[in-house]
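Here's a friendly walk through a protein and the ligand it holds. Have a look at the picture first, then read on.

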Amino acid sequence: MDTKVLIIGGGPSGLLLSLLLTKNDIDNIILEKNTALHVANRIRAGILEPGTVKILKKAGVGKRLCKEGIKHNGFNISFNNKIYHINMKKLANDTVTVYGQTEVTKDLMDKLAKINTKIFYKANNIKILNIIKPKVEFTHNSKKIKINSQFIVGCDGYHGITKNFIPKNIKKIYEKEYSFSWLGLLSDTKPISPELIYINNTNGFGLCSMRSKTRSRYYIQCSNKERIKDWSDDRFWENLYKTLPSDIKNTLQTGPSIEKSIAQLRSYVIEPMNYKNIFLAGDAAHIVPPTGAKGLNLALSDVNCLSSAFKSYFHRKSEEELKNYSKKCLSRVWKTQNFSSWFTNALHNFPDEDNFTKEMKKNMLLDLIHSNTQKFNLANKYLGKY
Ligand code: APR
Ligand code: PHB
């Protein structure tokens, strides 16, 4: 079997890349190790930057997003038991859209099914046999299949295999693990606030988010040693309640969890994002802490860049964009890492943090809240406008 671009990984990055390549008549195949159901049901953040909305509309999957997505003019930061609004519409004349990653994934899957793209789900034992003249081998329904392609794109996430084929003497890895995690809960309860609230309270970090006007998504900071089986719904709600500012805490609507999970916070970058005829996009190349809600936005920005580069190569025989892909994406990756890291540090209590640092953080947030310049910068970074 031959194709032009072989995509390893059928998450949001792989699905969008396949759709954009197919729309440009560039033959491609996705190899996904899990089932479609598993991929579709992974719960992740749901805040789309305006640039991401534009990319999804261009790909032809913007209809439901525009109908069901909720536009937010701003978000809130709460500390010292007060709530401060960051009005992005007023400061930077733009909005973010609340639309769960599961919905983005489902829209991409539905679109790809309609245009009959080739996706192998439950593709097992994928082996990359050659990276100069790309060739992979895998098993599907206990049949061994070989595919030759001109390029391989690793959209296989943080635990993927493609990055391993960039030689150790070429690859540079930058990684940082945070000393705490996020415990998240999804519930069919009315969100406590019409827009997000990021909370840095003496009891630690809390985040009040949502998926719709009737479905809430909450997070609290927890230690890296926590196990989900030790967290009943009641224990979660009690701990979330402690982080909430007094003005709103008694409006919290609790209810049974639909999903509960613990996510380790990590920053990670691989340089370069390509080698010979192998390219990396999305979580395969970088991980950001979830504080800035950047993971999906950054992944789809890579894919937009790479699909344009393949279009230039296959339709105009120009290699320029492919050659610049890694440099161009890494510039945005590091700006996003900087913002996500700053926002994470500003809003969390680090276990080994001294009082001086805690007090300095509070004053830094107070400065920000009272400075239009700093709020303008924050609004633009949250919108992905670096
Ligand atoms: N072979 C085939 N598929 C693989 C392999 C492999 N060896 N390893 C991983 N995969 C698949 C996973 O099953 C997953 O479906 O690659 C896909 C990677 O998807 P994501 O991890 O979601 O990464 P990406 O598509 O880049 O999307 C980034 O997803 O995880 C969130 O926070 C992240 O919002 C961000 C977005
Ligand atoms: C979410 O709704 O899951 C979410 C929102 C904002 C974040 C992180 C996660 O910064």
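## Polar contacts with the ligand

A polar contact is a pair of N or O atoms within 3.5 Å; within protein, one must be able to donate a hydrogen and the other to accept it, and residues adjacent in sequence count only if both atoms are side-chain atoms. R44 fits the bill: one of its polar side-chain atoms sits 3.0 Å from an oxygen atom of ligand 1. Taken alone, ligand 1 exposes 700 Å², and the protein buries 89% of that (Shrake-Rupley method, 1.4 Å probe).

E32 joins in too, with a side-chain N or O atom 2.7 Å from an oxygen atom of ligand 1. At P12, a polar backbone atom is 3.3 Å from an oxygen atom of the ligand.

## Who's around it

This is a predicted model: local features need pLDDT of at least 70, side-chain atom pairs count only at pLDDT 80 or more, and totals for chains, interfaces and linings use all residues. Side-chain values use heavy atoms, leaving out hydrogens and water.

Ligand 1 is surrounded by 24 residues (a heavy atom within 4 Å). S13, E32, R42, Q101 and D283 are the closest.

## The protein as a whole

Why does a radius of gyration of 21 Å, taken over C-alpha atoms, agree with a compact globule? Because a compact globule of 386 residues would come out near 21 Å (2.2 Å times the number of residues to the power 0.38). The C-alpha atoms fill a box of roughly 60 × 40 × 40 Å along the principal axes.

Of the 386 residues, 56% count as buried (under 20% relative accessible area, 1.4 Å probe, protein chains only).

Note on methods
Residues numbered from 1 in each chain as written. Chains lettered and ligands numbered in written order. Buried < 20%, exposed > 50% of the residue type's maximum accessible area, 1.4 Å probe, protein only.
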